[in-house]
Amino acid sequence: QVQLVESGGGLVQAGGSLRLSCAASGRTFSSYAMGWFRQAPGKEREFVAAISWSGGSTYHGDSVKGRFTISRDNAKNTVYLQMNSLKPEDTAVYYCAAELYGLASRGRYDYNYWGQGTQVTVSS
């Protein structure tokens, strides 16, 4: 299986920036598409961003478009989420996920492996 470990979460002020990382191990990272999702207490898990196996295709959720950017470094087996202009409503646990077939997707059920999440809290 694939193991995914998120890091980089923390407490930041509104308007600030944070970069999340997701390190993958166990199988061939470069063959997988990767995604970021988030979930706030009492809310559904929400799509944030996705990137194809090659990095050639990216997608970002409407609520984060223009502020967040997904990227990957296959040599390091790592996917990133750069978060700028953070808002209190961005507060959530952020999860990374891997999709076996290398196609970026907005749907959480398309992903085969998930990390444990990292907490992001944005204060106002």
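## The disulfide

Let's start with the cysteines: Cys22 and Cys96 are joined by a disulfide, with 1.9 Å from S to S. Keep in mind that this is a predicted model. A search of the whole structure turns up one disulfide, and the torsion about its S-S bond is about 50 degrees, so it is right-handed.

The two cysteines come from distant parts of the chain: Cys22 sits in strand β3 and Cys96 in strand β9, 74 residues apart. Are they buried or exposed? Both Cys22 and Cys96 are buried.

## Strand β9 and its partners

Cys96 takes us to β9, which covers residues 92–99. Seven of its eight residues are buried, so the strand is largely enclosed by the rest of the structure.

Which strands does β9 pair with? One is β4 (residues 33–39), which runs antiparallel to β9 with seven bridges between them. Here the disulfide cysteine shows up again, since Cys96 is the bridge partner of Trp36. Another is β11 (residues 118–123), also antiparallel, joined to β9 by three bridges; in this pairing Ala92 stands opposite Val120. Then there is the short run β10 (residues 113–114), which pairs with β9 in the antiparallel sense over two bridges. In that pairing, Ala98 has Tyr113 as its bridge partner.

## What fills the inside

In soluble globular proteins, nonpolar side chains tend to be buried together. In this model, the largest nonpolar core counts 29 residues, and the ones with the most contacts inside it are Leu4, Trp36, Leu81, Met83 and Tyr94. The elements that supply two or more residues to this core are β3 (18–25), β4, β5 (46–51), β7 (68–73), β8 (78–83), β9 and β11.

Leu81 is a handy residue to click on. Setting aside neighbours within four places in sequence, Leu81 touches Leu18, Arg19, Leu20, Trp36, Val48, Ala49, Phe68, Thr69, Ile70 and Tyr94. Apart from the largest core lies another one, of five residues, including Phe47, Ala50, Ala97 and Tyr111.

## Aromatic rings that meet

How many aromatic pairs does a search of the whole structure find? There are five. In one of them, the ring centres of Tyr32 and Tyr113 are 6.5 Å apart and the planes are at 40 degrees, so the pair counts as tilted. Tyr32 is in the loop between β3 and β4 while Tyr113 is in strand β10, and the two are 81 residues apart. Tyr32 has 3% relative accessibility and counts as buried; Tyr113, at 17%, counts as buried too.

Another pair, Phe37 with Tyr111, is edge-to-face, with 5.4 Å from centre to centre and 80 degrees between the planes. Phe37 lies in strand β4 and Tyr111 in the loop between β9 and β10, so this pair ties together parts that are 74 residues apart in sequence. Phe37 and Tyr111 are both buried. Ring pairs also link Phe37, Phe47, Tyr111 and Trp114 into a cluster.

## An arginine over two rings

Arg45 is worth a look alongside the aromatics. Its charged end sits over the ring of Tyr95, 3.9 Å from the ring centre. Arg45 also lies over the face of Trp114, 5.0 Å from the centre of that ring. Trp114 is one of the residues in the ring cluster described above.

## Two backbone oddities

Most residues other than glycine have a negative phi. Which residues go the other way here? Asn77 is one of them: its phi is positive, about 55 degrees, although it is not a glycine. Asn77 is placed in the loop between β7 and β8, and with 30% relative accessibility it counts as partly exposed.

Ser85 is also a non-glycine residue with a positive phi, about 50 degrees. You'll find Ser85 in the loop between β8 and β9. Its relative accessible area is 42%, so Ser85 is partly exposed.

How values were computed. Residues are numbered from 1 along each chain as its sequence is written. This is a predicted model: local features need pLDDT of at least 70, side-chain atom pairs count only at pLDDT 80 or more; totals for chains, interfaces and linings use all residues. Side-chain values use heavy atoms; hydrogens and water are left out. Buried means under 20% relative accessible area, exposed over 50%, partly exposed in between (1.4 Å probe, protein chains only). Helices (H or I, at least four residues) and strands (E, at least two) are DSSP runs, numbered from the N terminus. Two strands pair if DSSP finds at least two bridges between them. A nonpolar core is a set of buried Ala, Val, Leu, Ile, Met, Phe, Trp, Tyr and Cys residues joined through side-chain atoms within 4.5 Å. Contact means heavy atoms within 4.5 Å. A disulfide is a pair of cysteine sulfur atoms within 2.5 Å. Rings of Phe, Tyr and Trp (its six-membered ring) pair if their centres lie within 6.5 Å; planes under 30 degrees apart count as stacked, over 60 as edge-to-face and the rest as tilted. A charge sits over a ring if NZ of Lys or CZ of Arg is within 6 Å of the ring centre and within 35 degrees of the ring normal.
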